[in-house]
Amino acid sequence: MLNKKIKSASIVVIGNEILSGRTQDKNINYIAKELFKSGVLLKYVCVIPDEKKIIVNEIRRLKRKFDFIITTGGIGPTHDDITAESISLAVKKSYVLHKDAYQELVKYYKKIKSDLTDARKKMAYMPKGSKLIKNSVSGAPGFQIENIFVFAGIPSIAEAMTKEFLKIIKVKNKFYSTSITTKLFESKIAHILEKAENSYHDVSIGSYPIYDGKPRGVEIVISSMVNKTNVLSAKKFISSQINKII
């Protein structure tokens, strides 16, 4: 059973370029690792196109299921950057110019000696009542409205916004994880892992083949959201059982 104190999250990647394969997503892995380290349970990830109806429906569905919804992509200056407008519709808020966001853009483009065009000004529009998520990389902020946190899709900016997000939510929890590497294959150790998971409560055990052109064995990951002692005990048990068959 999930501890009620553990906060859950979902990631919504928005972008036709991801779905077409033209651009490879680099944000999910980074955000997932940071959430885990911070004690937030990532339970769902999806990739959807730049289509208002789909964005609105998915955001409305997820905001009722998870503590935090993180979106990446679609808040730039081009015609197909419709995330902010779509989320305004999803939460039934006016899509307006955020004065502080606009001032951030003014400062940034003055600093780099470039024009703040109407297209760039679009990046300061967001749902009425939004709180800004700082962008230390390029000036244009992300935003929070209700339990929805909207990041840019560019990896360096998404990473900066993830750090700001973790400051905002102030979750103080800790998950526990450790690993074992063995040259044995999964078929040889499956019964050991099953027994360990059945014997140690609140522990999740996964096995992941190591392959670099040739099979090199398995990495066993033992983790728990609440129980460090059982993680260490399960690791000790698995190691001892593997040693018996090597």
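**Figure 1. The whole chain: nine helices and eleven strands make up its secondary structure.** The model is predicted. The chain has 246 residues, and 43% of them are buried. Its C-alpha trace spans about 70 × 40 × 35 Å along the principal axes. Take the contacts between residues at least 6 apart in sequence: 67% of them join residues at least 24 apart.

**Figure 2. Six strands form an open sheet.** The strand order is β2-β1-β3-β8-β7-β6, and the pairing is mixed. β2 (40–48) and β6 (131–133) stand at the edges. Each edge strand has a single partner, so one side of each is left without a neighbour in the sheet. On average, neighbouring strands of this sheet are turned by 20 degrees against each other, direction ignored. Strands of a sheet pair through backbone hydrogen bonds, either parallel or antiparallel. The next two views show one example of each kind of pairing, parallel for β3 with β8 and antiparallel for β7 with β8.

**Figure 3. Strands β3 and β8 run parallel.** β3 covers residues 68–72, and β8 covers residues 148–151. Four bridges join the two strands. Ile69 has Ile148 of β8 as its bridge partner. Thr72 has Phe151 of β8 as its bridge partner. Which way do the residues of β8 point? Ile148 and Val150 point one way from the strand, while Phe149 and Phe151 point the other way. All four of these residues are buried.

**Figure 4. Strands β7 and β8 form a hairpin.** β7 (residues 142–145) and β8 run antiparallel, joined by three bridges. Phe143 stands opposite Val150 of β8. Two residues lie between the strands. Glu146 is in this turn and has a positive phi of about 55 degrees.

**Figure 5. Helix α2 lies across four strands.** The helix covers residues 27–38. The strands it lies across are β1 (7–14), β2, β3 and β8. Helix α2 runs at about 165 degrees to β2.

**Figure 6. Thr83 is a buried residue of helix α4.** The helix covers residues 83–90. Why does Thr83 count as buried? Its relative accessibility is 0%, and buried means under 20%. A polar atom of the Thr83 side chain lies 2.8 Å from the backbone oxygen of Gly73. Leaving out residues up to four places away in sequence, Thr83 touches Ile14, Thr71, Gly73, Gly74, Ile75 and Val150. Of these contacts, Val150 also appears in Figure 4, where Phe143 stands opposite it.

**Figure 7. One cavity of 30 Å³ or more is found in a search of the whole structure.** How much space lies in the largest cavity? About 80 Å³. Its lining consists of 14 residues. Ile75, Ala84, Lys122, Met123 and Tyr125 lie nearest its centre. Two elements, α4 and β5 (125–127), give two or more residues to the lining. The largest share, three residues, comes from α4. Ile75, named here, is also touched by Thr83.

**Figure 8. Met225 lies in a loop.** The loop is between β11 (215–224) and α9 (228–245). Is Met225 buried, exposed or partly exposed? Met225 counts as partly exposed because its relative accessibility is 28%. Its C-alpha atom is separated by 8.4 Å from that of Leu41. Along the chain, Met225 and Leu41 are 184 residues apart.

Definitions and conventions. Residues numbered from 1 in each chain as written. Heavy atoms only, no water. Buried < 20%, exposed > 50% of the residue type's maximum accessible area, 1.4 Å probe, protein only. Pairing = 2+ DSSP bridges. Axes fitted to C-alpha atoms, helices over the stretch in contact; angles between N-to-C directions. Contact = heavy atoms within 4.5 Å. Polar contact = N/O pair within 3.5 Å; in protein donor to acceptor, adjacent residues only side chain to side chain. 1 Å grid on protein atoms, 1.4 Å probe; cavity = no way out; pocket = protein on both sides within 12 Å on 5 of 7 lines; lining within 4 Å. Points joined across faces, edges and corners; volume = space filled by probe spheres on them.
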